[in-house]
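Here is a walk through one structure, stop by stop, with a selection to make at each stop. Keep the viewer open and follow along.

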Amino acid sequence: MNNNYEKIADLLFPNIDKTPEYYEKLYPARHLQKGAEVTRFAPSPTGYVHMGSLLTAFYDYMFAKQSVGVFFLRIEDTDLERTVEKGVEGIISDLAQYEINADEGVDKDKNSVGMYGPYIQTQRKEIYLTYAKDLVRRGLAYPCFCTKEEIDEIRHEQEKNNECQIGYYGKYAKCRDLSYEEIKKNIEAQKPFVIRLKSTAKVGDRVKFVDKVRGEIEMSDSINDVVILKSGTMLPPYNFAHAIDDHLMHTTTVIRSNEWLNSVPEHIQIFKALGFEQPEYAHVAFVQRIDPETGTKRKISKRKDPETAISYMVEAGYPAKSVHEYLFTLANTNFEDWRIQNPKADMMDFRLTYDKISLSGALFDLDKFNDVSKRVIANMTAEEVYDKLVSWASVYDKKWAELLSNDKDYAIKFLSIDRYIQNPRKDIAKWSDTKDLYGYFYDELFDKKYELDETFEKDTLSKIFADYINSYDENDDKNVWFDKIKQIGERYGFVAQVKEYKKNPTAYKGHCGHVCNFIRVALTGKRTSPDLYEICKLFGKEKMAKRLNDFVETL
RNA sequence: GGCCCCAUGGUCAAGCGGUCAAGACGUCGCCCUCUCAAGGCGGAAUCAGGAGUUCAAUUCUCCUUGGGGCUACCA
C-alpha cells in the first residue's frame with residue numbers, strides 16, 4: 001500500500017525531486033523578539049484596491065509595526081483567468097500612496113525583496129508541487145479525474161437527496177481510492193486531474209478554534225476532499241497556497257476579512273496534513289456600503305464600487321494622513337475617544353488592539369471621512385499643505401500646479417490665511433477642492449462669475465469702491481481697516497453695527513457686513529471666503545482696484 | 001436548502017445586570033461674527049420582536065426577524 005502511494009506520487013510528479021525538508025531548511029525561522037507579529041497582506045491582482053482591502057493592509061502594517069515584527073506583501077495570482085494587466089503595479093502604487101510600506105515582498109518592478117521569497121505565488125509553483133507530492137506519497141492526497149460535469153452531477157444528486165453537506169466526500173468521492181493501475185491508465189490517456197486532500201472528518205464532526213477578534217468559534221468540520229492543486233496549471237487554490245506560504249514565510253497572524261471564517265476548518269485540516277503549526281487568525285468585518293440599487297448594506301465590491309477605489313481617493317487628493325486617521329477610526333472603536341483626549345498626538349502613538357476591533361462591518365461614511373480629512377489638513381502648516389498640494393496637482397492638475405509653483409511665497413501666503421489661529425479654518429478635504437476654494441487668487445483662474453444678490457447697485461457700489469480704494473492703506477492694521485469700511489458704509493446708508501441693523505432693518509440700506517460682502521464678491525467672486533482683511537492685504541491696492549472696477553462694469 | 005458571522009439614533013459607536021442609555025459625524029435651532037468655515041450652547045433621533053433567567057435586563061440564554069457572508073479547479 002505504502003509503496004503504491006510512492007509510485008503514484010512519482011507518476012504524478014515525475015519532475016519533482018525536492019522534498020519538504022529542503023524548503024524547511026531554505027526558509028528557517030525568523031529571529032524576532034518575543035511578541036513580534038509577522039503579518040502579511042495577500043491580495044490577488046484582480047482589480048483595484050478598495051477601502052476594505054486597504055483597511056486589512058492597514059491592520060497588517062500596524063500590528064507588525066507596533067510589535068516590532070515584520071509585514072510583508074504577497075501576491076496571490078494563482079487564478080490566471082482573473083489576473084488583470086497592471087494589477088500588481090496598481091496594488092503596489094496604491095499602498096505606497098498611503099504609506100503602507102511592506103518590509104518584504106514585491107517592489108514596483110515586481111521583484112521579490114526579502115529572504116522568504118519569491119512573494120509572487122505563480123513563482124512558487126515548484127514549492128507547492130513538492131509539498132503536494134509529499135502528501136500523495138504519504139497517502140493523504142490523491143488525484144481526481146472527475147470532470148466539471150461529473151462534479152455538477154454530484155452536486156445535483158446531493159441537492160436532490162437533501163444531503164446536509166454538498167461536496168466531494170464519502171460515496172461521492174469516486175476517485176478517492178483509485179488504484180495505481182487506474183491512475184496510470186488515466187494519466188496515459190492524458191486525462192486532466194486535480195489533487196484533492198483526503199478529509200479527516202466525518203459528517204457531524206465539529207471543530208473549535210479561537211479567533212483573535214471573535215473569540216472561540218465552533219462549527220462543523222469540512223468533510224469535503226478539497227482541491228489543493230488545480231488541473232491544467234497545477235497551481236494551488238487559495239487554501240493550499242495559504243498553508244504553504246504562511247508556514248514557510250513564518251506568518252504569526254493571518255488577518256483577513258470575515259468571508260474566510262467558514263473555510264477555517266478546511267485550512268486547519270490542510271495545516272495538519274502538512275504537519276504545520278497553525279498561525280493565529282483574526283477575521284475582521286468588511287467595510288460595507290449602501291447598494292445604490294437595493295438600498296441595503298453590503299460588502300464593498302471591486303466590480304460595483306469603483307468610487308471606493310484607492311486610486312479614486314488618490315486622484316481626488318485625499319492626503320495619506322487623512323486616510324490613516326479615518327482608517328484608525330474604522331480599525332479600533334476606541335480611537336476616536338483617544339483622539340479627543342489627545343488632539344495633537346501623533347496617531348501612530350495610538351496602540352491598536354485586537355479586542356477593540358468592531359465585530360460588525362462599518363459603512364464607509366464619506367461625510368465622516370471628509371470631516372476627518374478637513375481636520376487633518378487644517379492642522380497642517382501652510383508649507384505642508386503647499387508641498388502636498390503641489391505634488392498632487394503636478395500629476396492631476398498640471399495647470400494648477402504650475403500657477404502654484406510660479407510664486408511659492410504667494411501661495412504660502414494665501415494658504416496661511418485663517419490657519420495660524422485658535423481654530424484653524426476647516427475647508428479643504430482633498431486637494432481637488434483647492435482650485436474652487438482658492439482659484440480666485442490667480443487672475444488666470446478668476447472667471448468673473450459673481451455670486452450676486454439684490455442689494456448690489458451699480459451707483460452705490462462704484463462710490464463705495466472708490467472711497468475704499470482711496471482710503472486703503474496696506475499698513476493699516478485690521479481694526480483700522482475695518483473702521484474705515486464702517487465709515488465708508490455709513491456715508492452711503494450702511495450702519496456700522498450689525499446689531500443696530502437687526503433691530504431696525506428698514507432704517508438702513510444695510511450694515512457694514514454688506515459693505516464687506518460687496519468687496520468680497522468683487523475680489524473673489526464668492527459670497528464666502530477666508531478673512532477679507534488678509535485677502536485685501538495680499539492682493540494689494542492695484543489688484544484690488546482692478547477687480548473692483550471689473551466688477552462694477554458687470555453690473 | 002445547509003453552515004457561519006453580525007444586530008444600540010441616519011452613520012460610526014460607548015455600555016460588559018441597577019446609567020436621566022456616553023461621545024463623534026450628519027442634521028436642526030440659538031450665540032459669536034464682515035461672509036463662510038471654525039468655535040460655544042442647546043434640540044430632535046437608538047437598545048429589532050418574543051419568550052425565559054433574575055428582585056432587576058440594552059447587558060445572560062433560547063427562539064423569531066432582519067442584514068451580511070460562505071457553500072468553486074475565485075481569492
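## Stop 1: V254 and its strand

Select V254, which sits in strand β10, residues 253-257. The model is a predicted one. Is V254 buried or exposed? V254 is buried, because 22 other C-beta atoms lie within 10 Å, and the threshold for calling a residue buried is 20 or more. Now show its contacts: setting aside residues up to four places away in sequence, V254 touches D246, P279 and Y281. Then add K212 to the selection. K212 and V254 are 42 residues apart along the chain, and their C-alpha atoms are separated by 9.7 Å.

## Stop 2: helix α8

One of the contacts of V254 was D246, and D246 is among the buried residues of α8. Select residues 238-248 to see the whole of helix α8. The helix is mostly covered, with nine of its eleven residues buried. Those residues are N239, F240, A241, H242, A243, I244, D245, D246 and H247.

What covers the buried residues of α8? The cover includes α5 (125-137), β9 (227-229), β10 and α9 (264-274). Colour these elements separately, and β10 will be familiar as the strand that holds V254.

Two backbone details go with this stop. Just after α8, H250 has a positive phi of about 60 degrees. On the other side, select M234, in the loop between β9 and α8. Phi of M234 is near 55 degrees, a positive value in a residue that is not glycine. M234 counts as partly exposed because it has 16 C-beta neighbours inside 10 Å.

## Stop 3: strands β1 and β2

Go to residues 38-41, strand β1. In a regular strand, side chains alternate between the two faces of the sheet. Both faces of β1 are covered: V38 and R40 are buried on one side, and T39 and F41 are buried on the other.

Add residues 70-73, strand β2, which runs parallel to β1 and is joined to β1 by four bridges. To find one of them, select V38 together with V70, its bridge partner in β2. Next trace the chain from β1 to β2: the path goes through helix α3, residues 51-66, and this β-α-β crossover is right-handed.

Stop on the way at V68, in the loop between α3 and β2. Phi of V68 is near 55 degrees, which is positive in a residue other than glycine. V68 is exposed, because 11 other C-beta atoms lie within 10 Å.

## Stop 4: a cis peptide bond

Select G117 and P118. The peptide bond between G117 and P118 is cis, with omega about 0 degrees. P118 belongs to the loop between β4 (112-113) and α5.

## Stop 5: domains 3 and 4

Colour chain A by domain: domain 1 (2-22 + 124-284), domain 2 (297-378), domain 3 (382-441) and domain 4 (458-554). Then hide everything except domains 3 and 4. Their C-alpha centres lie 26 Å apart. Where they meet, six residues of domain 3 are in contact with seven residues of domain 4. By class, the domain 3 side of this contact has three nonpolar, no polar and three charged residues.

Within domain 4 (458-554), select D467, in helix α18, residues 458-471. D467 counts as partly exposed, because 17 C-beta neighbours lie inside 10 Å. Apart from neighbours within four places in sequence, D467 is in contact with I488 and R491. The C-alpha atoms of D467 and I488 are separated by 6.8 Å, although the two residues are 21 residues apart along the chain.

## Stop 6: RNA strand B

Finish with RNA strand B and the residues around it. How many residues surround RNA strand B? There are 63, and the closest are E76, S358, S360, N423 and G513. By class, this surface has 22 nonpolar, 19 polar and 22 charged residues.

Several elements each supply at least two residues of the surface: α6 (148-160), β8 (215-220), β13 (297-299), α12 (335-341), α13 (366-378), α21 (512-524) and α22 (532-554). Which of them gives the most? Helix α21 does, with four residues.

Technical notes:
Residues numbered from 1 in each chain as written. Chains lettered and ligands numbered in written order. Predicted model: local features only at pLDDT ≥ 70, side-chain atom pairs only at ≥ 80, totals over all residues. Buried ≥ 20, exposed ≤ 12 C-beta atoms within 10 Å, placed from the backbone. Pairing = 2+ DSSP bridges. Right-handed = clockwise from strand over helix to strand, strands pointing away. Contact = placed C-beta atoms within 7 Å. Domains from an automatic or database assignment. Nonpolar A, V, L, I, M, F, W, Y, C, P; charged D, E, K, R; others polar. Near = placed C-beta within 6 Å.
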